[in-house]
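Subject: Handover of a structure and notes on its contents

Dear colleague,

Please find below the structure that I am handing over to you. I would be grateful if you would read the notes after it with the structure open beside them.

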Amino acid sequence: MNNDSPVNHVFILPQSFDPLALLPKSLHKFADDARYVASTVLRKTARGQADDHGYVTLKAEYLRKVISERRGRDVIESLLTAKGVHRKPYQVGVKSFSYRLDDRFRADPHIRRPIECRRLLRKLEHHAAICRQEADQRMQPVHRTLASLQQQLQIDGTESKAILTTLPVKSNPFDIQGVLVRDIIERRFRLSVGNYGRVANSITSMKKEIRWALRCAGQPLAGVDISCAQPCLLSLLVRMCS
């Protein structure tokens with residue numbers, strides 16, 4: 001299951017992202033709210049939830065449940081004014097606002113930073129608990145088994161970091177592959193089931209170059225393109241069952 005526990009939750013940010021340089025002085029005490037927005041965009045981007053133009057959807061109702069009710073909107077508007085993030089308009093009843101980080105951060109390695117704002121952390125804990133409860137309702141026994149098996153997954157830190165250095169920014173913007181690698185190194189696994197039954201886990205958005213560094217019980221993994229191999233697998237199953 002999704003292991004974004006609020007107990008060990010951290011911001012994931014571009015190294016040069018500095019909310020104090022993007023917000024007016026009157027909003028500096030809400031710097032963690034700005035970090036939450038940027039971190040959420042980066043996390044969703046790393047998980048393959050961005051559209052073809054790099055924008056990810058952030059529902060206003062969810063943002064309001066976490067960031068400051070009083071100044072959260074001002075924080076977002078300031079980030080937009082400073083061009084730290086960009087936004088696409090919403091469509092009433094169709095699509096929420098979508099956001100992306102500015103291109104100045106595309107070549108940045110990512111950093112992880114603990115949450116300092118107690119108010120934000122309390123709200124995040126409450127919101128995360130509700131999200132986990134909703135996600136659990138979509139989990140079937142097979143999903144729980146897959147989540148348990150995923151805990152056996154490892155990644156060779158030296159090999160994966162060497163591979164990361166070879167990836168051009170175009171295929172690894174905002175160090176999103178580095179985010180996925182470090183999540184596995186730190187044992188921050190996730191498995192989610194979408195509203196329509198689609199399953200995503202810790203390696204769903206991982207590039208094939210990086211997957212060569214994955215290990216299970218110390219052994220390299222092998223990959224099978226199931227979408228192309230279904231007839232062959234069906235034939236194999238028929239032979240095994242006959």
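The notes that follow go through a few regions in turn. Please bear in mind throughout that this is a predicted model.

Helix 8 and the loop before it

I begin with helix 8, which spans residues 176-185. Eight of its ten residues are buried, so the helix is largely enclosed by the rest of the structure. The buried residues are Ile176, Gln177, Gly178, Val179, Leu180, Val181, Asp183 and Ile184. Just after helix 8, Arg187 adopts a positive phi of about 65°.

The loop that joins helix 7 (157-164) to helix 8 contains Asn172. Asn172 has a relative accessible area of 9% and is therefore buried, the limit being under 20%. The side chain of Asn172 comes to 2.8 Å from the backbone nitrogen of Gln177. When residues up to four places away in sequence are set aside, Asn172 touches Arg106, Leu164, Leu167, Gln177 and Gly178. Two of these names, Gln177 and Gly178, also appear among the buried residues of helix 8.

Two further loops

Pro109 sits in the loop between strand 4 (98-101) and strand 5 (110-114). With a relative accessible area of 37%, Pro109 is partly exposed. Although their positions lie 64 residues apart along the chain, the C-alpha atoms of Pro109 and Pro173 are 9.2 Å apart. Apart from residues up to four places away in sequence, Pro109 touches Leu13, Pro14, Gln15 and Asp175.

Glu69 belongs to the loop that runs between helix 3 (60-66) and helix 4 (72-81). This residue is exposed, at 71% relative accessible area. Once its neighbours within four places in sequence are left aside, Glu69 is in contact with Arg64 and Lys123.

Salt bridges

General background may help here: side chains of opposite charge can pair when their charged atoms come close. In this model the count comes to 14 salt bridges. Three pairs may serve as examples.

- Arg100 pairs with Asp103, and their closest N and O atoms are 3.3 Å apart. Arg100 is buried at 18% relative accessibility, whereas Asp103 is partly exposed at 44%.
- Arg104 pairs with Asp102, with 2.9 Å between the closest N and O atoms. Here Arg104 is partly exposed, at 42%, and Asp102 is buried, at 14%.
- Glu116 pairs with Arg113, the closest N and O atoms being 3.2 Å apart. Glu116 is exposed, with a relative accessible area of 55%, while Arg113 is partly exposed, at 27%.

There is also a network of salt bridges, which links Arg112, Arg182, Asp183, Glu186 and Arg188. Asp183 has been named above as one of the buried residues of helix 8.

Helix 10 and a nonpolar patch

Leu233, Leu236, Leu237 and Met240 make a nonpolar surface patch of about 390 Å². Met240 is part of helix 10, which covers residues 226-241. As its relative accessible area is 61%, Met240 counts as exposed. On the geometry of such an element, an α-helix has 3.6 residues a turn, so residues three or four places apart point the same way.

Cysteines

How many disulfides does the count give? The count comes to zero disulfides. Cys117 is in no disulfide, and the nearest cysteine sulfur, that of Cys131, is 18 Å away. Because a disulfide requires two cysteine sulfur atoms within 2.5 Å, that distance excludes a disulfide for Cys117. Cys117 is buried, with a relative accessible area of 17%. Cys241, by contrast, has 68% relative accessibility and counts as exposed.

Suggested order of viewing

You may wish to start at Asn172 and its contact with the backbone nitrogen of Gln177, and then follow the buried residues of helix 8. From there, the salt-bridge network that includes Asp183 can be traced. The nonpolar patch that includes Met240 would make a suitable last stop.

With kind regards

Conventions:
Residues numbered from 1 in each chain as written. Predicted model: local features only at pLDDT ≥ 70, side-chain atom pairs only at ≥ 80, totals over all residues. Heavy atoms only, no water. Buried < 20%, exposed > 50% of the residue type's maximum accessible area, 1.4 Å probe, protein only. Helix = DSSP H or I, 4+ residues; strand = E, 2+ residues; numbered from the N terminus. Polar contact = N/O pair within 3.5 Å; in protein donor to acceptor, adjacent residues only side chain to side chain. Contact = heavy atoms within 4.5 Å. Patch = residues over 30% accessible without salt bridge, like charges linked within 9 Å, V, L, I, M, F, W, Y side chains within 5 Å. Areas by Shrake-Rupley, 256 points an atom, 1.4 Å probe, with all protein chains shown as cover. Salt bridge = Lys/Arg side-chain N within 4 Å of Asp/Glu carboxyl O.
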